[in-house]
Amino acid sequence: MPSENLYPFQWMWDSGFVALGTSHYDLEKAIQEIECMFSGQWENGMIPHIIFHSENETSYFPNFDFWDCSVNDGAPQKPKTSGITQPAVFGFILEAIYDHHKDNAEVVSFVKRVYPKVVKYHRFLYDYRDPFKEGLFFIYHPWESGRDNSPIWDESLNRIVIDKNLLPDYQRRDTSIADASERPTSYQYDRYVYLLELGKKYKYDGPEIAEHSPFLVQDCMMNAILIKSNQALIKLGNELGLDVSYIEAQNQISQNNFVSRFWNEDLGTFVSYDLRAGKQIAFKEIGGFISLFAKLANETQADRMISYLQKLHNDGYYLCPSFDVNSELFDSKRYWRGPIWPHMNSMIYHGLKYYNQEALAEIVKSDTVQLVDQFGFYEYYESQKHLAKDLSKGYGGNNFSWTSSSIIHLLSHS
Ligand code: DGY
């Protein structure tokens, strides 16, 4: 569980980071975490963003009955799941666990067991979410991106005109647990529910979704993470004597198209692409920096992103704010519109090290450790140092599992 009160089930990308952190002290539990996630994999290969391990827990909305995944014949009866996915983290997480425990026969057989399931998941993204065969997959719900209410989705969401008569009655639960000023607005939430209904109407991942969804976006971060996981699967597969030809061929297409689709020369960063509008979503935001983690930026591109981070540090920000601090849409408290997220920092930390930016990587690490040390294991944190010094806690949910896992993982790397 990401957090007992706010998110009382198993979330996909949280689960990956939790397994990674846990693997540093309890391998068996880490393996169980990942196997449990894959118990919810659909026949078409999708890994759902939530696994509802209990049908009696009713404190979360939207619960399994609201998703009603039985509309898709390939959704498992048990466990119940949601009908959308999240970032493809499992490839690189398998690799990280394997690299630390190569001599452990149990780990090797676990990796061999899960490997084909991860490949099947990547195949799902290429088969169902890449209609133009560009090697870049789309999402149709901001929840899939993991960066739910980032300003980068605003314009695409504004396109949705909601007919109140067609929007089912629903009651949010999140704002009774976390402070409403730190969560998405009700305007945004109506659109989340609308897109969920749209997914359900088209049986989740029917071909009609690409045709009918008003929200259709290629997220630069999700595609960078897919590429990072492809690279990991290729390396792992070669080491274990497994067939890597499919992933290698797909990854080649993805890598070839990534930079031309997502690089924005004016901003000096990678940005996402709105397929409906046929244009880049031109904002500086945290997702662009994950390209460093997959080594997708050339030296000149990396230099521009690195100087930007260095400047933020010099200007009195903790690294790495989730959104452009100079934009009028920046909101340092509200979820993905400004705060610091430790698991993002753990990926950027590694990315900076790949580019030999040891000093900046250390700042990312020590900022993360300092925030957690000062405030506790929250979901996200204030990014402005002058504001943070008067606060007594972090933002969003408390006792957050991927925050603690990210700290364990960061501290285990020197
Ligand atoms: C939520 O419930 O707010 C999640 O972010 C969606 O999975």
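In which helix does L387 lie? In this predicted model, L387 belongs to helix α16, which covers residues 385–388. With a relative accessibility of 36%, L387 counts as partly exposed, since that value falls between the limits of 20% for buried and 50% for exposed residues. When the neighbours within four places in sequence are set aside, the contacts of L387 are with S332 and E382. The first of these partners, S332, is separated from L387 by 55 residues in sequence, although the C-alpha atoms of the two residues are 9.5 Å apart in space.

A second residue, D14, may be described in the same terms. D14 is found in helix α1, which spans residues 12–22, and its relative accessible area of 6% places D14 among the buried residues, because the limit for that class is under 20%. Apart from neighbours within four places in sequence, D14 makes contact with P2, F400 and W402. Between D14 and G146 the separation in sequence is 132 residues, whereas the distance in space, from C-alpha to C-alpha, is 9.5 Å.

The two helices named above belong to a protein whose secondary structure amounts to 17 helices and eight strands. Three of the strands form an open sheet, in which the order is β4-β7-β8 and the pairing is antiparallel. Strands β4 (217–218) and β8 (279–281) occupy the edges of this sheet, and because each has a single partner strand, one side of each remains without a neighbour in the sheet. Strand β7, comprising residues 272–274, is joined to β8 by three bridges, and the two strands run antiparallel; within this pairing, Y273 has Q280 of β8 as its bridge partner.

As regards the protein as a whole, a compact globule of 414 residues would be expected to have a radius of gyration near 22 Å, and the value of 20 Å found for the protein agrees with this. Along the principal axes, the C-alpha atoms fill a box of roughly 50 × 50 × 40 Å. Of the 414 residues, 63% are buried, while the accessible surface comes to about 16,000 Å², with 47% of that area belonging to carbon and sulfur atoms. Among the contacts between residues at least 6 apart in sequence, 71% join residues that are at least 24 apart. The protein carries 38 positive and 54 negative charges, and the mean positions of the two sets are 1 Å apart.

Technical notes: Residues numbered from 1 in each chain as written. Predicted model: local features only at pLDDT ≥ 70, side-chain atom pairs only at ≥ 80, totals over all residues. Heavy atoms only, no water. Helix = DSSP H or I, 4+ residues; strand = E, 2+ residues; numbered from the N terminus. Rg over C-alpha atoms; globule rule 2.2 N^0.38 Å. Buried < 20%, exposed > 50% of the residue type's maximum accessible area, 1.4 Å probe, protein only. Contact = heavy atoms within 4.5 Å. Areas by Shrake-Rupley, 256 points an atom, 1.4 Å probe, with all protein chains shown as cover. Lys, Arg positive; Asp, Glu negative; His and termini not counted. Charge placed at Lys NZ, Arg CZ, Asp CG, Glu CD. Pairing = 2+ DSSP bridges.
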